[in-house]
Amino acid sequence: MLAFFQAAEQLKDTLRSGTSRSGRAESTAEHSWRLCLMILLFAKDLVGVDIKKLLKLCVLHDLGEAISGDVPAPDQSDGDNRQERERQDFQTLCADLPDDVAEDFRQLWDEYADARTPEAQLAKAFDKLETMLQHQLMPSAGKDFHAFNLTYGRDRTDAFPLTRQIRDRIDTRTEELMRGPARIGS
């Protein structure tokens, strides 16, 4: 288990295309942490949802990226085998775990990847929302970048009333960022 834990640390050095508000590249581990924090903040609004399972899905969902890295959303395409590579990398990381723990983690990863439960669907929706919120803090994000966010993951975020409501607020702020600072007399 300690070997797995030490190998998982690679996620701290796995950089994403987004940055922090200071302009420093964001790690995938930081994204996963903030995603989990977001779930905790909205937990009381997630009636009938297994919060513990949802948090597990959020912690594990990007772990395969510790090996092959993150693929920025604009660069992803159908048929790129990204999900299969991430699954294989995830299984490689889990190889040192006891069989029962490895199997539990694999089942959770597959559940997330297939979005076959409300918890997995919510994990995917909140994953998109956290990413879009981080994009709003990026000092180098331009209009084209923000325009991409207006369509990014909409199928996921529109799946639940709560995530749709959060998405609407994020989109409003994104549109404000695209207009730029208010000008005197406009």
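# A tour from helix H2

Start by selecting Leu37, which lies in helix H2, covering residues 28-42. A helix here is a DSSP run of H or I at least four residues long (strands are E runs of at least two), and the numbering goes from the N terminus. You are looking at a predicted model, in which local features need pLDDT of at least 70 and side-chain atom pairs count only at pLDDT 80 or more, while totals for chains, interfaces and linings use all residues. Residues are numbered from 1 along each chain as its sequence is written, and side-chain values use heavy atoms, with hydrogens and water left out.

**Stop 1: the surface of H2**

Is Leu37 buried, exposed or partly exposed? Its relative accessible area is 34%, so Leu37 is partly exposed. The cut-offs are under 20% for buried, over 50% for exposed, and in between for partly exposed, using a 1.4 Å probe and protein chains only.

Now add Trp33, Leu40 and Leu41 to your selection of Leu37: these four residues make a nonpolar patch on the surface, with about 450 Å² of accessible area together. Patch members have over 30% relative accessible area and no salt bridge; nonpolar side chains (Val, Leu, Ile, Met, Phe, Trp, Tyr) are joined within 5 Å, and like charges within 9 Å. The areas come from the Shrake-Rupley method with a 1.4 Å probe, and for residues only the protein chains shown count as cover.

Stay in helix H2 and pick Phe42. Phe42 has a relative accessible area of 23%, which means that it is partly exposed. Measure from its C-alpha to that of Glu175: the two residues are 133 apart in sequence and 24 Å apart in space.

**Stop 2: salt bridges**

Side chains of opposite charge can pair when their charged atoms come close. A salt bridge is counted when a side-chain nitrogen of Lys or Arg is within 4 Å of a carboxyl oxygen of Asp or Glu. How many salt bridges does a search of the whole structure find? The search finds 13.

Select Arg34 and Glu130 to see one of them, with N and O at 2.7 Å. Arg34 is in helix H2 and Glu130 in helix H7 (residues 118-137), so this pair ties together parts that are 96 residues apart in sequence. Glu130 counts as buried because its relative accessibility is 1%, while Arg34, at 24%, counts as partly exposed.

Next, select Asp171 and Arg154, whose side chains meet in a salt bridge at 2.5 Å, N to O. Asp171 belongs to helix H10 (residues 161-179) and Arg154 to helix H9 (residues 154-157), so the pair ties together parts 17 residues apart in sequence. Asp171 is buried at 8% relative accessibility, and Arg154 is partly exposed at 29%.

Then move to Arg173 and Glu176, a salt bridge whose closest N and O atoms are 3.4 Å apart. The two are three residues apart in helix H10, so about one helical turn separates them. Arg173 is partly exposed at 39%, and Glu176 counts as partly exposed at 35%. To end this stop, highlight Arg154, Asp158, Arg167 and Asp171, which are joined into one network by salt bridges that share partners.

**Stop 3: helices that pack**

Two packed helices are described by the angle between their axes and the distance between the axes. Axes are lines fitted to C-alpha atoms, for helices over the stretch in contact, and angles run from 0 to 180 degrees between N-to-C directions. Under 35 degrees counts as roughly parallel, over 145 as roughly antiparallel, 65 to 115 as roughly perpendicular, and the rest as oblique. A crossing is left-handed if the near helix is turned anticlockwise from the far one by less than a right angle, and right-handed if clockwise.

Show these pairs in turn:

- H7 and H10: an angle of about 20°, with axes 10 Å apart. The two are therefore roughly parallel, and their crossing is left-handed.
- H2 and H3 (residues 51-60): axes that come within 9 Å and cross at roughly 165°. These two are therefore roughly antiparallel, and H2 passes H3 in a right-handed crossing.
- H3 and H7: an angle of about 50°, with axes 9 Å apart. They are therefore oblique to each other, and the crossing is right-handed.

**Last stop: Ala115**

Finally, zoom in on Ala115, in the loop between helix H6 (99-114) and H7. Most residues other than glycine have a negative phi. Phi of Ala115 is positive, near 50°. Ala115 is buried, with a relative accessible area of 12%.
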